[in-house]
Amino acid sequence: MKELITLGEFVIQQQHKHSDATGDLSQIFGAIRLASKLVHREINKAGIADITGAIGQENIQGEQQQKLDVYANEKFKAALAARGLVCGIASEEEESYVSFDQDINHGSKYVVLIDPIDGSSNIDVNVAVGTIFSIYRRKSPHDGPVQLEDFLQPGTAQVAAGYVIFGTSTMLVYTTGEGVNGFTFDPSIGVFYLSHANMQIPKTGRIYSVNEGNYVHFHDGVKRYIKHCQEFDPATNRPYTSRYIGSLVADFHRNLLKGGIYFYPSYANHPMGKLRLLYECNPMAWLAEQAGGRASDGSGTRILDIKPMELHQRTPFYVGSSSMMDDVEGFIAKEKARLQQMAELV
Ligand code: AHM
Ligand code: MG
């Protein structure tokens, strides 16, 4: 029988490749792994919780029902604080960053940014959701509380990033800058096993993922690209396939495995797009690049190069197979050039 490697073993093996590694990062992964298992358990009883009491009401054990995103936020926060390896977190669920103020946390080197449950509108309808995380080395002195500057770092400074997808099975996918690896959870024994080693996104694909309900509001370059997808796939002479779950993690994961592109452009209602640079775009962009794909704002700026100005900053987001990224950026650039030309004529 094939020897299976657990996530814990894999992380330690990776750590041993670096003689200067202290093991702190491996322990942070331990915390993320633990919180993921708790969220997995909670998600899998979400249906039962629904019939035993609505959110905000007491359940049959007399406990208040918690929204899953609040539950996940609390679990990740507690697990990360407990080990003393992280000095603070920033979360999509929290207005400001959270400083871990025990003495054991002040000396720690890392901060974690997290979207505890992404795609939360899908929870009530039993559709895949995910957790997205990224880890940075702090910039402030290691002997005091965490500072805002520790979180406002460009994506190129990430030390590790990944997501957990709670789908038909639960998987954890992550990178530390040495490729992308995926681990599938075996709930019967509570262990993640390496199932997808060295993941590579196909250079091109046939899937485009965008909320087409917003089509009439999109800029012409984006519209033209969508029309291109609907009309022509040079490989098959058929249109591309449209797939949109509305859970970034699920849409990204499928495209990573099969080849495709996900985009959330800017438009009138969302002048900076919808997705958050720090919690959603940076980790996914790095994973995409590490798997051989690309991520940009659609107008030539690499996501990982954007210098964040605030915690909850948004950005237009395009991510996926490199040749599809080339195509969509080409359509957007062409439209921009056309508009510029027209402006010069008047
Ligand atoms: P959330 O963090 O509030 O869940 O929002 C992020 C989600 C993404 O997972 C998803 O791709 C997108 O929002 C869907 O938005 P829309 O419903 O506007 O298409
Ligand atoms: Mg989100």
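This is a short talk about a predicted model of a protein with a bound ligand and a magnesium ion.

Hi everyone, and thanks for having me. Some ground rules before we look around. Residues are numbered from 1 along each chain as its sequence is written, while chains are lettered from A and ligands numbered from 1 in the order in which they are written. Because this is a predicted model, local features need pLDDT of at least 70 and side-chain atom pairs count only at pLDDT 80 or more, though totals for chains, interfaces and linings use all residues; side-chain values use heavy atoms, with hydrogens and water left out.

Let's start with ligand 1. How many residues surround ligand 1? There are 15, and the closest are D118, Y244, L248, Y262 and Y264. A residue joins that shell if one of its heavy atoms lies within 4 Å of the ligand. By type, the shell divides into five nonpolar, five polar and five charged residues. Here Ala, Val, Leu, Ile, Met, Phe, Trp, Tyr, Cys and Pro count as nonpolar, Asp, Glu, Lys and Arg as charged, and the others, Gly among them, as polar. Domain 1 (7-196) and domain 2 (207-345) each give the shell at least three residues, with the bounds taken from an automatic or database domain assignment.

Now for the polar contacts, meaning pairs of N or O atoms within 3.5 Å; within protein, one must be able to donate a hydrogen and the other to accept it, and residues adjacent in sequence count only if both atoms are side-chain atoms. Three of these involve oxygen atoms of ligand 1. A backbone N or O atom of G119 lies 2.7 Å away from one, a polar side-chain atom of Y264 lies 2.6 Å away from one, and an N or O atom in the side chain of K274 is 2.9 Å away from one. Taken alone, ligand 1 exposes 470 Å², and the protein buries 79% of that; these areas come from the Shrake-Rupley method with a 1.4 Å probe, and for residues only the protein chains shown count as cover.

Next, the magnesium ion, ligand 2. Which residues are its protein donors? They are E92 (OE), D115 (OD), D118 (OD) and E280 (OE), lying 1.9 to 2.7 Å from the ion. Donors are N, O and S atoms within 2.8 Å of the metal (3.2 Å for Na, K and Ca), and water is not among the atoms, so sites may look incomplete. Along the chain, the donors follow the spacing E-x22-D-x2-D-x161-E. D118 lies in strand 3 and E280 in helix 9 (residues 277-290), so this pair ties together parts that are 162 residues apart in sequence. Helices (H or I, at least four residues) and strands (E, at least two) are DSSP runs, numbered from the N terminus.

Are D118 and E280 buried or exposed? D118 counts as buried because its relative accessibility is 7%, and E280 is buried too, at 3%. Buried means under 20% relative accessible area, exposed over 50%, and partly exposed in between (1.4 Å probe, protein chains only). Helix 9 also holds M284, which is buried at 0%.

Finally, two loop residues. N126 sits between strand 3 and strand 4 (129-137), and has a positive phi of about 60 degrees although it is not a glycine. At 75% relative accessibility, N126 is exposed. N198, in the loop between strand 8 (191-196) and strand 9 (207-209), has a positive phi near 45 degrees and is partly exposed at 48%.

Thanks for listening!
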